[in-house]
Amino acid sequence: MTNKIKRTAVVTGGSRGIGRAISLELADADTSVYFNYLSNKAEADKTIELIREAGGCGYAFKADISVFEEVKIFFDKIFQHTEKIDVLVNNAGISKDGIIPLLKEDDWDKTINTNLKGAFLCSKLAVKKMLRQKYGRIINISSVVGFTGNPGQAAYSASKAGIIAFTKSAAQEFASRNITVNAVAPGFIDTDMTKMLPEKVQKEIAAKIPLGKIGENKNVADAVKFLSSEKASYITGQTIHVNGGMYM
Ligand code: NAP
């Protein structure tokens, strides 16, 4: 099957949470969304179903973004459908927590390799197309803790701070080719990742957010949609904080 007219968006980690909301937000009659997932096929199928119910077009592929060979196969599959990539959203991420003396080396590696190296690998392949097209929008999902740090989240915070420097470097590398690269830094958003925390802790965090509530996936997806649009054509190397005022 070929699809040469539609706008193409690639989203990593579209099977659940923020990535699902972003996939839903970007998919419409003019934009096909290609997303990957790590292992959760049932949830990936659900995202596709939701996209189709909303009148959009979505495709899901299993691929571990921390492994170059898998990323390559993921993009090869995308290029069997379409010749271009207009938007890349580096969303997939994991959090392996623990205070530094107890944090396992393997957990450090998995976190950095998924959150930071994964964004590099996907950008590396997507931007080759974007450079030829002289057009592209890359949006990287960072986190509030990439700015504030967080005890027990050294690896995760470091990966998300790294995403910001990566975003600024890429923005400077590609600006002359009409490719913008920006980041969105969510605060505390209601997803599987945050549901892992005890309810008491979730309530304590919510109480400290100036807007008084935990964020929704759609809040993040709305910012991504804006950065992917023509309305954001003069914005690059920036971060939009979607955090209810948690960090200013
Ligand atoms: P989530 O609900 O845990 O979903 C994670 C997604 O990433 C899933 O689709 C998962 O696939 C995929 N994934 C994980 N590891 C992967 C890998 N190695 N290769 C490919 N896909 C992989 O997470 P979320 O809360 O929506 O978070 C999405 C992004 O927002 C992450 O980068 C996270 O760090 C960031 N963020 C979240 C919050 C928050 O409060 N939730 C705050 C700040 C930043 P499977 O379904 O197959 O496992």
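The largest cavity in this predicted model holds about 30 Å³ of space. A search of the whole structure turns up one cavity of 30 Å³ or more. Beyond that, here's a look at a pocket and at two helices, α3 and α9, each with its buried residues on one side.

**The largest cavity**
- Eight names make up the wall here: Ile65, Asn90, Ala92, Asn115, Ala119, Ile141, Lys160 and Ile163 line the largest cavity.
- Sorted by class, that lining comes out as five nonpolar, two polar and one charged residues.
- Helices α4 and α6 (154-174) each chip in at least two residues of the lining.

**The second largest pocket**
- The second largest pocket has a volume of about 180 Å³.
- Its lining includes Phe188 and Ile189, then Ile209, Leu211, Lys213, Ile214, Gly215, Glu216 and Asn219, and finally Val242, Asn243 and Gly244.
- Split by class, the pocket lining has six nonpolar, four polar and two charged residues.

**Helix α3 (residues 68-81)**
- With 14 residues at 1.5 Å a residue, α3 should span 20 Å, and its end C-alpha atoms sit 21 Å apart, so the two agree.
- Which residues of α3 are buried? Val71, Phe74, Phe75, Ile78 and His81 are.
- Those buried residues cover an arc of only 105 degrees around the axis, which means they lie on the same side of α3.
- What do the buried residues of α3 pack against? Their partners are the strands β1 (7-11), β2 (31-37), β3 (57-62) and β4 (87-90), plus helix α4 (105-133).

**Helix α9 (residues 217-228)**
- α9 has 12 residues and reaches 17 Å from its first C-alpha to its last, close to the 16 Å expected at 1.5 Å a residue.
- Buried in α9 are Asn217, Val220, Ala221, Ala223, Val224, Leu227 and Ser228.
- Why do these count as being on the same side of α9? Because they cover an arc of only 160 degrees around the axis.
- The buried residues of α9 pack against one helix segment, α1 (17-26), and against the strands β1, β4, β5 (136-141), β6 (179-186) and β7 (239-242).

**Shared partners**
- β1 and β4 turn up in both packing lists: the buried residues of α3 pack against them, and so do the buried residues of α9.
- Helix α4 also plays two parts, as a packing partner of α3's buried residues and as a supplier of at least two residues to the lining of the largest cavity.

Conventions: Residues are numbered from 1 along each chain as its sequence is written. This is a predicted model: local features need pLDDT of at least 70, side-chain atom pairs count only at pLDDT 80 or more; totals for chains, interfaces and linings use all residues. Side-chain values use heavy atoms; hydrogens and water are left out. Helices (H or I, at least four residues) and strands (E, at least two) are DSSP runs, numbered from the N terminus. The expected span of a helix is 1.5 Å times one less than its number of residues. Buried means under 20% relative accessible area, exposed over 50%, partly exposed in between (1.4 Å probe, protein chains only). The arc is that of the directions from the helix axis to the C-beta atoms. Contact means heavy atoms within 4.5 Å. On a 1 Å grid over the protein atoms alone, a cavity is a set of points where a 1.4 Å probe fits but cannot get out, and a pocket is an open set with protein on both sides within 12 Å along at least five of seven lines; lining residues have an atom within 4 Å of a point. Grid points are joined across faces, edges and corners, and a volume is the space filled by probe spheres set on the points. Ala, Val, Leu, Ile, Met, Phe, Trp, Tyr, Cys and Pro count as nonpolar, Asp, Glu, Lys and Arg as charged, and the others, Gly among them, as polar.
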